[in-house]
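Trainee: I have the sequence and the structure open. Can we go through them one question at a time?

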Amino acid sequence: MSKQALPIVDLAGTDEAGQVCCAPLVCEPLNPAEAEELAPLFKAIADPVRLRLLSLIACHEGGEACVCDLTGAFELTGPTISHHLKVLRQAGLIDCERRGTWVYYWVNPGVLARLSAILGPRLPAMA
């Protein structure tokens, strides 16, 4: 097996012969600090149960859901649902309030907006 030398690419997107080898950046990519901040949020919703819970809460009439409305949607035990809700809460994706014997959950719109901004187009990079 022979080894071939890889072309040297500069930050402008050209190789050593001056040929364009890739498209230039048209928006500002995440910096390391942003990636560190956002990774736990994406990790929290990377589980199918938690993603469904988040969706159920967000789609519920009035923007909040009682835990009793959530448990019936799954064939899981109450403690398992509570664990998944706790993970979403610790990530800051949802918040809750106890009212009598029930706990009501709602999404944190600012955190969801931050995730949405990452998934959509970012602002153009300044030259």
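Trainee: Is Cys-96 buried, partly exposed or exposed?

Mentor: Keep in mind that this is a predicted model. Buried means under 20% relative accessible area and exposed means over 50%. Cys-96 has 26% relative accessibility, so the class for Cys-96 is partly exposed.

Trainee: And Cys-59, buried or exposed?

Mentor: The same cut-off of over 50% for exposed applies. Cys-59 has a relative accessibility of 66%, so Cys-59 counts as exposed.

Trainee: How many disulfides are there?

Mentor: A disulfide needs a pair of cysteine sulfur atoms within 2.5 Å. By that rule the number of disulfides is zero.

Trainee: What is the order of elements from the N terminus on?

Mentor: The protein has five helices and three strands. Read from the N terminus, the order is α-α-β-α-α-β-β-α.

Trainee: Which strands stand at the edges of the sheet, and why does each have one side without a neighbour?

Mentor: The three strands form an open sheet with antiparallel pairing, in the order β1-β3-β2. Each edge strand has a single partner strand, so one of its sides lacks a neighbour in the sheet; the edge strands are β1 (64-66) and β2 (94-99). From one strand to the next, the twist averages 25 degrees.

Trainee: Which residue stands opposite Glu-97?

Mentor: Strand β3 (residues 102-107) and β2 pair in the antiparallel sense, over six bridges. Opposite Glu-97, in β3, is Tyr-104.

Trainee: What angle does the direction of helix α2 make with that of β3?

Mentor: Helix α2 (residues 48-59) packs on the sheet and touches β1, β2 and β3. Its direction and that of β3 make an angle of about 90 degrees.

Trainee: How far apart are the end C-alpha atoms of helix α1, and what span should its residues give?

Mentor: Helix α1 (residues 32-44) has 13 residues. The expected span is 1.5 Å times one less than the number of residues. That gives 18 Å for α1, which agrees with the end C-alpha distance of 19 Å.

Trainee: Where does α1 bend?

Mentor: The bend is about 30 degrees, and a proline, Pro-40, follows within four residues. The residue at the bend is Leu-38.

Trainee: Which elements cover the buried residues of α1?

Mentor: In α1, the buried residues are Glu-34, Leu-38, Leu-41 and Ala-44. What covers the buried residues of α1 includes α2, α4 (78-91) and α5 (109-119).

Trainee: What share of the residues counts as buried?

Mentor: The protein has 127 residues. Buried means under 20% relative accessible area. The share that counts as buried is 24%.

Conventions
Residues numbered from 1 in each chain as written. Predicted model: local features only at pLDDT ≥ 70, side-chain atom pairs only at ≥ 80, totals over all residues. Heavy atoms only, no water. Pairing = 2+ DSSP bridges. Helix = DSSP H or I, 4+ residues; strand = E, 2+ residues; numbered from the N terminus. Axes fitted to C-alpha atoms, helices over the stretch in contact; angles between N-to-C directions. Contact = heavy atoms within 4.5 Å. Buried < 20%, exposed > 50% of the residue type's maximum accessible area, 1.4 Å probe, protein only. Bend = angle between axes of the 7 residues up to and from the residue.
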